[in-house]
Amino acid sequence: AGALWKLSVNDDNEVAIADAGGIGPLVELARSGTSIAKENAAGALGNLACNADNKVALAAAGGIGPLVELARSGTSVAKENAAGALWKLALNADNQVEIAAAGGIGPLVEL
């Protein structure tokens, strides 16, 4: 996940990672990985969420719930990375509704 976080800074790589099926495994790491894996996965998902198609794909892959949970109870780095990812995801109106429904507003306000 750490390597994908670094690679996902590049616009072309954002698309390539998604096209290669990378969003689902990153969501799973954000949900159930080690503390470091969760931090890295949230960072990578945040970078991937810069792309409009990836915003939709990340939500469809169930990524909002794990990011909200990390914003609520992750390490300080995971909270920061998850908040950044949720901010980018919230640029999509449907994702705003899903973030609120997942209980994301409270943890974000508390940060």
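Is Asp19 buried or exposed? In this predicted model, Asp19 counts as exposed, with a relative accessibility of 66%. The residue belongs to helix α2, which covers residues 11–19, and the report returns to Asp19 after a description of the overall fold.

**Overall architecture**

The protein contains nine helices and zero strands, so that, read from the N terminus, its elements follow the order α-α-α-α-α-α-α-α-α. Its radius of gyration is 12 Å, close to the 13 Å that the globule rule gives for 111 residues, and the protein is therefore as compact as a globular protein of that length. Measured out along the principal axes, the C-alpha trace extends over about 35 × 30 × 20 Å. This span is a value computed from the C-alpha trace of the model.

Of the 111 residues, 41% count as buried, and the accessible surface amounts to about 5500 Å², with 57% of that area belonging to carbon and sulfur atoms. Among the contacts with a separation of 6 or more, 64% are made by residues 24 or more positions apart. The protein carries 7 positive and 12 negative charges, and the mean positions of these two groups lie 7 Å apart.

**Salt bridges**

How many salt bridges does the structure hold? There are two salt bridges, and they are set out below.

| Salt bridge | Closest N and O atoms |
|---|---|
| Glu28 and Arg31 | 2.8 Å |
| Arg72 and Glu69 | 2.8 Å |

Side chains of opposite charge can pair when their charged atoms come close. In the case of Glu28 and Arg31, the partners are three residues apart in helix α3 (residues 23–32), so they are separated by about one helical turn. Glu28 is partly exposed at 39% relative accessibility, and Arg31 is likewise partly exposed, at 42%.

The pair formed by Arg72 and Glu69 sits in helix α6 (residues 64–73), where a spacing of three residues means that about one helical turn separates them. Arg72 has a relative accessibility of 41% and counts as partly exposed, while Glu69, at 38%, also counts as partly exposed.

**Lys38 in helix α4**

Lys38 is part of helix α4, which runs over residues 35–48. With a relative accessible area of 23%, Lys38 is partly exposed, a class that begins at 20% because buried means under 20% relative accessible area. Although Lys38 and Ala78 are 40 residues apart along the chain, their C-alpha atoms are separated by 6.5 Å. Once the neighbours within four places in sequence are left aside, the contacts of Lys38 are with Leu29, Ala30, Arg31, Ser32, Gly33 and Leu70. One of these partners, Arg31, is the residue that forms a salt bridge with Glu28.

**Ile99 in helix α8**

Which residues does Ile99 contact beyond its neighbours within four places in sequence? Its partners are Ile64, Val68, Leu86, Leu89, Ala90, Gly104, Ile105 and Leu108. Ile99 itself lies in helix α8, made up of residues 93–101, and its relative accessibility of 6% places it among the buried residues. The C-alpha atoms of Ile99 and Gly65 are 7.7 Å apart, with their positions 34 residues apart along the chain. Two helices already named supply some of the partners of Ile99: Ile64 and Val68 fall within the residue range 64–73 of helix α6, and Leu86 and Leu89 fall within the range 76–89 of helix α7.

**Exposed positions: Asp19 and Ser76**

For Asp19, the exposed residue with which this report began, the distance to Ser32 is 23 Å between C-alpha atoms, across 13 residues of chain. Ser76 belongs to helix α7, residues 76–89, and it is exposed as well, with a relative accessible area of 60%. The C-alpha atoms of Ser76 and Cys50 are separated by 22 Å, and these residues are 26 apart along the chain.

Methods: Residues are numbered from 1 along each chain as its sequence is written. This is a predicted model: local features need pLDDT of at least 70, side-chain atom pairs count only at pLDDT 80 or more; totals for chains, interfaces and linings use all residues. Side-chain values use heavy atoms; hydrogens and water are left out. Helices (H or I, at least four residues) and strands (E, at least two) are DSSP runs, numbered from the N terminus. The radius of gyration is taken over C-alpha atoms; the globule rule is 2.2 Å times the number of residues to the power 0.38. Buried means under 20% relative accessible area, exposed over 50%, partly exposed in between (1.4 Å probe, protein chains only). Contact means heavy atoms within 4.5 Å. Accessible areas come from the Shrake-Rupley method with a 1.4 Å probe; for residues, only the protein chains shown count as cover. Lys and Arg count as positive and Asp and Glu as negative; His and the chain ends are not counted. The place of a charge is taken as NZ of Lys, CZ of Arg, CG of Asp or CD of Glu. A salt bridge is a side-chain nitrogen of Lys or Arg within 4 Å of a carboxyl oxygen of Asp or Glu.
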